[in-house]
Amino acid sequence: MSDHTISIAVNGDRYERAVEARKLLVHFIRDDLDLTGTHVGCDTGNCGACTVLLNGVAVKSCMLLAPQADGAEVTTVEGLAPDGELSPLQQAFSEHHALQCGYCTPGMLISATYLLSHTPQPSEEEIRRAIQGNICRCTGYVNIVKAVQAVSGQD
Amino acid sequence: MLLAELDYARPGSIEEAVKLLAARADARALAGGQSLVNVMKTRVATPELVVDLNGIESLRGIASDGEALEIGAMTTYNAIVDSPEVASARPILAEVARTIADVQVRNRGTIGGNVCSNDPTNHFPPLLAALEAELTIQGAAGERTVRTDEFFEGVYMTAVQPGEVLTKVRIPAKGDARDGWASVTLGRDGTGIVNVAATVKGGTARIAIGCVAATPVVVTASADETAVKDAVRAAELDPPADVHASAEYRRHLAEVLAARAVREAE
């Protein structure tokens with residue numbers, strides 16, 4: 001079956017790799033590039049733990065084949081803190097206890113980053129709708145909403 | 001999840017896609033992938049060739065000529081939500097698209113994929129049936145345009161045959177019609193238990209009910225509550241029962257939601 005040589009820019013670094021067509025983008029990111037910040041949760045497109053930015057748009061990376069991202073730019077959670085320094089959003093998550101076990105956090109951060117990229121001052125309703133595709137079983141979402149409000153200057 | 005082995009092609013034109021789809025019986029068109037990829041994970045579908053339509057720019061976009069909207073099959077839900085053409089010509093399309101799943105799914109999922117997968121719980125089959133949309137299908141022999149009653153054939157089955165692709169959906173502009181949508185879902189913006197779309201014109205309601213049969217059930221009635229409920233009852237729906245709702249409850253919801261969709265149509 002078909003192998004594809006794909007070229008994907010992840011967090012600003014371009015990677016060229018041969019992949020099987022059946023490989024999901026999330027496995028390419030985790031297994032081939034060893035960027036394990038992007039999590040596999042439900043693997044059915046529900047939980048959002050695998051959310052990444054694909055050309056600046058939030059998508060679930062378990063719902064794409066890796067060759068579909070050929071030529072694209074991908075941002076994973078590692079790309080939010082390229083120099084190891086937390087982004088203001090990540091800092092706000094830390095300060096507002098917006099995570100407990102942390103499993104959903106990479107996807108939450110990417111979805112919130114996407115929201116803030118097009119809506120810098122979101123309402124609580126907009127924040128809640130923006131993370132609707134990200135399931136968190138620890139926090140009850142309250143502190144996640146607070147963190148996003150805080151980083152957008154609304155606390 | 002490891003999928004079954006497959007070949008992958010990303011054609012740049014409709015003609016090329018049709019050629020690829022026609023050449024192999026096991027080929028399958030991939031639109032937004034928000035259903036098909038899941039089905040492939042469970043190996044309920046194991047296409048040996050996936051023809052990705054995401055590289056075909058002519059399948060994307062929304063145009064309005066005053067009389068109707070033309071929406072390319074690969075137009076995403078979020079593109080519909082954000083479209084000024086939709087907002088002015090037929091805003092119900094955006095209002096309903098906004099309630100599909102979540103942001104990430106709406107960034108990938110397409111109107112064409114929604115109708116071609118024709119899951120009975122999908123949003124666009126009843127909505128397009130109520131709005132009297134027309135769908136254009138292209139194959140090696142050329143293109144044809146069908147109405148929704150010809151398009152939706154059964155659960156997961158449509159008039160799109162092997163070797164064909166849906167290219168666009170044409171929806172009449174609103175004019176003096178009023179459109180409504182009512183549903184009861186599994187959680188907010190979740191899967192429908194019953195979905196109802198209604199369009200009211202000159203005192204008559206055209207109502208399309210989803211989730212109660214293999215294809216949308218269309219009834220027409222005078223646009224008052226009693227007449228609408230009577231018409232839905234007269235349709236003698238035989239909906240499926242599952243863990244979420246009994247058949248009797250779905251029948252009840254169909255009446256209530258039809259009346260609500262008509263009442264709230266604007």
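**Guided tour, beginning at B:Leu21**

Select B:Leu21 first: it counts as buried because 25 C-beta neighbours lie inside 10 Å, where 20 or more are required. The model on display is predicted. B:Leu21 has its place in helix 1 of chain B.

Next, display the residues around B:Leu21. Apart from neighbours within four places in sequence, its contacts are B:Ala27, B:Ala29, B:Val51, B:Pro162, B:Gly163 and B:Val165. Then add B:Leu49, which is separated from B:Leu21 by 28 residues in sequence and by 8.3 Å in space, taken from C-alpha to C-alpha.

**Domains of chain B**

Colour chain B by domain: domain 1 covers 7-52, domain 2 covers 60-172 and domain 3 covers 178-263. The C-alpha centres of domain 1 and domain 2 of chain B are 19 Å apart. Which side of this pair should be selected now? On the domain 1 side of chain B, twelve residues are in contact with 19 residues of domain 2 of chain B. Within that side of domain 1, helix 1 (residues 14-23) of chain B gives the most, with five residues. By type, the residues on the side of domain 1 of chain B that touches domain 2 of chain B comprise eight nonpolar and four polar, with no charged.

Keep helix 1 of chain B selected and add two strands. Helix 1 of chain B lies across strand 6 (134-139) and strand 10 (165-172) of chain B, and its direction makes an angle of about 130° with strand 10 of chain B.

**The five-stranded sheet**

Now show the whole sheet to which these strands lead. In chain B, five strands form an open sheet in the order 4-5-10-6-7, with antiparallel pairing. Where are its edges? Strand 4 (62-64) and strand 7 (142-147) of chain B each have a single partner strand, so one side of each is left without a neighbour in the sheet. On average, neighbouring strands of this sheet are turned by 20° against each other, direction ignored.

Zoom in on the edge at strand 4 of chain B. Strand 4 of chain B pairs with strand 5 (residues 68-72) of chain B in the antiparallel sense, over three bridges. To find one bridge partner, select B:Ile62 and look in strand 5 of chain B, where its partner is B:Ile71.

**Across to chain A**

Select the contact between the two chains: 24 residues come from chain A and 22 residues from chain B. On the side of chain A that touches chain B, the largest share belongs to strand 4 (residues 57-60) of chain A, which supplies four residues. The residues on that side of chain A divide into eleven nonpolar, ten polar and three charged.

Finally, isolate chain A and trace it from end to end. Chain A has five helices and five strands. Beginning at the N terminus, the elements of chain A follow the order β-β-α-β-β-β-α-α-α-α. The radius of gyration of chain A is 15 Å, close to the 15 Å that the globule rule gives for 155 residues, so chain A is as compact as a globular protein of that length. Taken along the principal axes, the box filled by the C-alpha atoms of chain A is roughly 50 × 30 × 25 Å.

To close, colour chain A by burial: 51% of its 155 residues count as buried. A contact map of chain A may be set beside this view; among its contacts with a separation of 6 or more, 56% involve residues 24 or more positions apart.

Terms used
Residues are numbered from 1 along each chain as its sequence is written. Chains are lettered from A and ligands numbered from 1 in the order in which they are written. This is a predicted model: local features need pLDDT of at least 70, side-chain atom pairs count only at pLDDT 80 or more; totals for chains, interfaces and linings use all residues. Domain bounds come from an automatic or database domain assignment. Two residues are in contact if their C-beta atoms, placed from the backbone, lie within 7 Å. Ala, Val, Leu, Ile, Met, Phe, Trp, Tyr, Cys and Pro count as nonpolar, Asp, Glu, Lys and Arg as charged, and the others, Gly among them, as polar. A residue is buried if 20 or more other C-beta atoms lie within 10 Å of its own, exposed if 12 or fewer, and partly exposed in between; C-beta atoms are placed from the backbone. Two strands pair if DSSP finds at least two bridges between them. Axes are lines fitted to C-alpha atoms, for helices over the stretch in contact, and angles run from 0 to 180 degrees between N-to-C directions. The radius of gyration is taken over C-alpha atoms; the globule rule is 2.2 Å times the number of residues to the power 0.38.
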